[in-house]
Amino acid sequence: MTCSRSWSGSPACWRQPAAGSREPPLHLLRQDREQAAVLKKVLVTGGTGFIGIEVSRQLADRGLRPRLMVRRPLRGIMLKHLDVEIMQADLRSPRSLIRAVDGMDTVIHLAAQTIVGVANRNPVSTFETNIQGTWSLLE
């Protein structure tokens, strides 16, 4: 096990997973309870995307119950084995964003339209989602 100080000065330790393990490399183990407490109420946008699924699983494995913001609730079915809250919302809808972030301490923003073919066919929709949607989330 290797330990060092994180950017905030709190101790952080990690270990290499065993060969053949499904754990990601350098699995971070938080020792600073105050820092971990900040992540108690976490919103994950794009929670059913490629990276969002793994982030959601990692948060749930650490005992957190993240709120996953999804555009299509049926996609949330693939995460039914995890202790997560599914909330339907859209980055292009400021009202739904207000509902999604209500009561959250932390936001992990992973939602985006990432398919190049879709972006080429409909650049306005991609702009509304990726740029305006992120701006709305930050407001």
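Five salt bridges are found in a search of the whole structure, which is a predicted model. One of them joins the side chains of Arg-57 and Asp-61, at 2.7 Å from N to O. Both residues belong to helix α2. They sit four residues apart, about one turn of the helix. Arg-57 counts as partly exposed, at 22% relative accessibility. A second salt bridge brings together the side chains of Asp-83 and Arg-65, at 2.8 Å from N to O. This pair links distant parts of the chain, 18 residues apart. Asp-83 lies in the loop between β5 and β6, and Arg-65 in the loop between α2 and β5. Arg-65 is partly exposed, with a relative accessible area of 45%.

Strands β5 and β6 are also bridged. Arg-67 forms a salt bridge with Glu-85, and their closest N and O atoms are 3.2 Å apart. Arg-67 is in strand β5 and Glu-85 in strand β6, 18 residues apart. Arg-67 counts as buried, at 11% relative accessibility. Glu-85 counts as partly exposed, at 24%. Elsewhere, salt bridges that share partners join Glu-54, Arg-57 and Asp-61 into one network.

Helix α2 covers residues 50-61. Its 12 residues should span 16 Å at 1.5 Å a residue, and its end C-alpha atoms are 17 Å apart, which agrees. The buried residues in α2 are Gly-52, Ser-56, Gln-58, Leu-59 and Ala-60. Just after the helix, Gly-63 takes a positive phi of about 90 degrees. Phe-50 and Ile-51 join Leu-110 in a nonpolar surface patch of about 350 Å². Leu-110 comes from the loop between β7 (106-109) and α4 (116-121). Its relative accessible area is 30%, so Leu-110 is partly exposed.

Helix α3 spans residues 94-101, and its buried residues are Ser-96, Leu-97 and Ala-100. Seen down the helix axis, these buried residues fall within an arc of 105 degrees, so they line one face of α3. The face turned away from the buried side carries the exposed residues Arg-95 and Ile-98. The buried residues of α3 pack against three strands and a helix: β4 (42-45), β5 (67-70), β6 (85-88) and α5 (123-138). Pro-94 also lies in α3. At 47% relative accessibility, Pro-94 counts as partly exposed. The C-alpha atoms of Pro-94 and Gly-133 are separated by 8.2 Å, although the two residues are 39 apart along the chain. Just after α3, Gly-103 takes a positive phi of about 85 degrees.

The loop between β6 and α3 holds Asp-90. Asp-90 counts as buried, at 17% relative accessibility. Neighbours within four places in sequence aside, Asp-90 is in contact with Met-69, Arg-71, Ser-96 and Leu-97. Of these contacts, Ser-96 and Leu-97 are among the buried residues of α3.

The protein chain as a whole has five helices and seven strands. From the N terminus on, its elements run β-β-β-α-β-α-β-β-α-β-α-α. Of its 139 residues, 31% count as buried. Among contacts between residues at least 6 apart in sequence, 44% join residues at least 24 apart. The accessible surface of the chain comes to about 9,400 Å². Carbon and sulfur atoms account for 57% of that surface.

Methods. Residues are numbered from 1 along each chain as its sequence is written. This is a predicted model: local features need pLDDT of at least 70, side-chain atom pairs count only at pLDDT 80 or more; totals for chains, interfaces and linings use all residues. Side-chain values use heavy atoms; hydrogens and water are left out. Buried means under 20% relative accessible area, exposed over 50%, partly exposed in between (1.4 Å probe, protein chains only). Helices (H or I, at least four residues) and strands (E, at least two) are DSSP runs, numbered from the N terminus. The arc is that of the directions from the helix axis to the C-beta atoms. Contact means heavy atoms within 4.5 Å. Accessible areas come from the Shrake-Rupley method with a 1.4 Å probe; for residues, only the protein chains shown count as cover. Patches are made of residues with over 30% relative accessible area and no salt bridge: like charges are joined within 9 Å, nonpolar side chains (Val, Leu, Ile, Met, Phe, Trp, Tyr) within 5 Å. A salt bridge is a side-chain nitrogen of Lys or Arg within 4 Å of a carboxyl oxygen of Asp or Glu. The expected span of a helix is 1.5 Å times one less than its number of residues.
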